[in-house]
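The following exercises are to be worked through with the sequence and the model at hand. Each task is followed by a solution in steps.

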Amino acid sequence: MPCYRCGARQTDPVRGASPWKRAVRREAQVLVCPDCQRVHDLDLDTCASCGSIALICRLGEIECRSCGEVRLARADEPLVTACSPGPARMPGLAAEVEAALDRVLGRS
Ligand SMILES: [Zn+2]
Ligand SMILES: [Zn+2]
């Protein structure tokens, strides 16, 4: 993933911590190169509690690595729709298919 701001490519990480920073911008995970970290108008999402930009975006949540605050990403994220009930399951049929597969594949 290149730097979101200047497009620089991350070089192979040397031993130790990468100087690149992970941050969140408009609720998407981005990488910031060492040069751009010095810029002050980074336009990154900040933690509502402590104002830190050290945020991690994961599965519909934004977590602050400074104070540990976790908030949900916007409600229109895919995670929300993924939680809605899907088509009705037919457990009996699934079991039959599974049993048939076992016979075909010689599983016991
Ligand atoms: Zn950059
Ligand atoms: Zn925070």
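## Exercise 1: The site of the zinc ion (ligand 2)

Cysteine 50 counts as partly exposed because its relative accessibility is 41%; the classes are buried for under 20% relative accessible area, exposed for over 50%, and partly exposed in between, with a 1.4 Å probe and protein chains only. The model is a predicted one, in which local features need pLDDT of at least 70 and side-chain atom pairs count only at pLDDT 80 or more, while totals for chains, interfaces and linings use all residues. Residues are numbered from 1 along each chain as its sequence is written, chains are lettered from A and ligands numbered from 1 in the order in which they are written, and side-chain values use heavy atoms, with hydrogens and water left out.

Task: Determine which residues coordinate the zinc ion (ligand 2) and what geometry their atoms form.

Solution.

1. The coordinating atoms are the SG atoms of Cys47, Cys50, Cys64 and Cys67, at 2.3 to 2.4 Å. Donors are N, O and S atoms within 2.8 Å of the metal (3.2 Å for Na, K and Ca); water is not among the atoms, so sites may look incomplete.
2. The 4 donor atoms make angles of 106 to 118 degrees, and the site is tetrahedral. Four donors count as tetrahedral if all angles lie between 85 and 135 degrees. Ideal angles for four tetrahedral donors are 109.5 degrees.
3. Along the sequence, the donor residues show the spacing C-x2-C-x13-C-x2-C. Within this set, cysteine 50 in the loop between H1 and S3 and cysteine 64 in strand S4 are 14 residues apart and link distant parts of the chain. Helices (H or I, at least four residues) and strands (E, at least two) are DSSP runs, numbered from the N terminus.
4. Cysteine 64 has 1% relative accessibility and therefore counts as buried.

## Exercise 2: The site of the zinc ion (ligand 1)

Task: Explain why the arrangement around the zinc ion (ligand 1) is tetrahedral.

Solution.

1. The protein donors are the SG atoms of Cys3, Cys6, Cys33 and Cys36, which lie 2.3 Å from the ion.
2. The angles subtended by the 4 donor atoms run from 106 to 113 degrees, and the arrangement is therefore tetrahedral.
3. The spacing of these donors along the chain is C-x2-C-x26-C-x2-C. Cysteine 3, in the segment before strand S1 (21-25), and cysteine 36, in helix H1 (residues 34-37), link distant parts of the chain, 33 residues apart.
4. Cysteine 3 and cysteine 36 are both buried.

## Exercise 3: The sheet and its hairpin

Task: State in what order the 3 strands of the open sheet are arranged, and which strands are at the edges.

Solution.

1. The order is S3-S4-S5, with antiparallel pairing. Two strands pair if DSSP finds at least two bridges between them.
2. Strand S3 (55-58) and strand S5 (70-72) are the edge strands, as each pairs on one side only.
3. S3 and strand S4 (residues 61-64) are joined by 4 bridges in the antiparallel sense. Among the bridge partners, arginine 58 is matched with glutamate 61, and isoleucine 56 with glutamate 63.
4. S3 and S4 form a hairpin with 2 residues between them, and leucine 59 in the turn has a positive phi of about 30 degrees. Most residues other than glycine have a negative phi. Leucine 59 counts as exposed because its relative accessibility is 72%.

## Exercise 4: Two polar side chains

Task: Identify what the side chain of serine 52 and that of glutamine 29 reach.

Solution.

1. Serine 52 is placed in the loop between H1 and S3 and is buried, with a relative accessible area of 15%.
2. A polar atom of the serine 52 side chain lies 2.9 Å from the backbone nitrogen of alanine 54. The side chains of serine 52 and serine 66 are joined by a polar contact of 2.9 Å. A polar contact is a pair of N or O atoms within 3.5 Å; within protein, one must be able to donate a hydrogen and the other to accept it, and residues adjacent in sequence count only if both atoms are side-chain atoms.
3. Glutamine 29 belongs to strand S2 (residues 28-32). Its side chain reaches the backbone oxygen of alanine 23 at 2.9 Å, and a polar atom of the glutamine 29 side chain lies 2.9 Å from the backbone nitrogen of cysteine 57.

Definitions and conventions:
Tetrahedral: all angles 85-135°; square planar, octahedral: opposite > 155°, others 65-115°.
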